[in-house]
Amino acid sequence: MPFSSWESFYVIIGSSGAALTGLNFVVIALTAESRVVKPTPALIRAYETPTIVHFCAVLLVSALMSAPWQSMEPIRVGFAASGIAGMVYVLTLMLMIARPKEYQPEAEDWIWRGIFPFLAYTALVIAAMVLGRHPETALFVVAGASLLLLYVGIHNAWDTVTYIVFKRQGESNP
């Protein structure tokens with residue numbers, strides 16, 4: 001199977017996904033301590049939880065790629081299930097983002113929190129469908145989807161922190 005040449009790649013992004021998941025707890029702690037932004041359960045579900053979900057998806061893909069499978073079938077099933085679950089999750093998330101009154105999403109929110117993750121999860125489904133016939137191509141698609149989810153998580157965590165910082169500065173400067 002052609003997976004062994006990808007081992008270092010998945011060790012790196014899997015470790016990154018795991019480390020960034022932990023680091024995101026710091027972001028949530030900052031949000032909770034903010035006097036400017038009062039996190040409601042709806043805001044946390046719509047803006048913080050998806051970041052953790054995307055990092056964990058990267059970790060899951062890394063685990064799928066690193067397990068000693070005897071055939072490609074479990075990997076195909078794992079990619080397909082992860083991709084479909086991710087697509088449904090992102091569509092549900094977009095409905096959640098549209099609801100909260102505390103914050104009105106901007107175009108950047110829709111792109112980074114909806115479109116990019118949806119494309120990444122769709123790519124996992126497509127990779128699952130072609131893995132048996134075109135394994136090299138499928139593995140590059142999975143790698144691209146994993147990187148995109150990692151970048152989405154990084155961007156969204158950064159976006160949250162900078163939003164809080166600028167809101168704090170705006171409130172302290174009359």
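**Exercise 1. Place L93 in the fold and decide whether this residue is buried or exposed.**

Start with the address: L93 sits in helix α3. Keep in mind that we're working with a predicted model here. Next, take the accessibility. L93 comes out at 0% relative accessibility, and the cut-off for buried is under 20%, so L93 is buried. L93 also shows up among the buried residues of α3, along with I75, G78, F79, S82, G83, G86, V90, M94, M96 and I97. Finally, look across the sequence: R113 lies 20 residues away along the chain, and the C-alpha atoms of L93 and R113 are 8.2 Å apart.

**Exercise 2. Check the length of α3 against the expected value.**

Count first: α3 has 26 residues. Then take the span from the first C-alpha to the last, which is 38 Å. At 1.5 Å a residue you'd expect 38 Å, so the helix comes out close to expectation.

**Exercise 3. Work out how α3 and α4 are oriented relative to each other.**

Grab the geometry: the two helices pack at an angle of about 160°, and their axes are 7 Å apart. Now apply the cut-off. Angles over 145 degrees count as roughly antiparallel, so that's the label for α3 and α4. For handedness, α3 passes α4 in a left-handed crossing. And what is the contact made of? Its residues split into 18 nonpolar, 5 polar and 2 charged.

**Exercise 4. Do the accessibility check for F116, and find how far F116 is from Y151 in space.**

F116 belongs to helix α4. Its relative accessible area is 25%, which falls between the 20% and 50% cut-offs, so F116 is partly exposed. As for Y151, this residue is 35 residues from F116 in sequence, with a C-alpha to C-alpha distance of 9.6 Å.

**Exercise 5. Zoom out: which elements build the largest nonpolar core?**

Begin with the inventory. The chain has 5 helices and 0 strands, running α-α-α-α-α from the N terminus on. Of its 174 residues, 41% count as buried.

Now for the core itself. The largest nonpolar core holds 34 residues, and those with the most contacts inside it are Y10, V61, M65, F79, L124, L131 and V142. Two or more residues each come from α1 (7-33), α2 (41-66), α3 (73-98), α4 (107-130) and α5 (135-172). The largest share, 8 residues, is supplied by α2. As background, nonpolar side chains tend to be buried together in soluble globular proteins.

How values were computed: Residues are numbered from 1 along each chain as its sequence is written. This is a predicted model: local features need pLDDT of at least 70, side-chain atom pairs count only at pLDDT 80 or more; totals for chains, interfaces and linings use all residues. Side-chain values use heavy atoms; hydrogens and water are left out. A nonpolar core is a set of buried Ala, Val, Leu, Ile, Met, Phe, Trp, Tyr and Cys residues joined through side-chain atoms within 4.5 Å. Buried means under 20% relative accessible area, exposed over 50%, partly exposed in between (1.4 Å probe, protein chains only). Helices (H or I, at least four residues) and strands (E, at least two) are DSSP runs, numbered from the N terminus. Axes are lines fitted to C-alpha atoms, for helices over the stretch in contact, and angles run from 0 to 180 degrees between N-to-C directions. Angles under 35 degrees count as roughly parallel, over 145 as roughly antiparallel, 65 to 115 as roughly perpendicular and the rest as oblique. A crossing is left-handed if the near helix is turned anticlockwise from the far one by less than a right angle, and right-handed if clockwise. Ala, Val, Leu, Ile, Met, Phe, Trp, Tyr, Cys and Pro count as nonpolar, Asp, Glu, Lys and Arg as charged, and the others, Gly among them, as polar.
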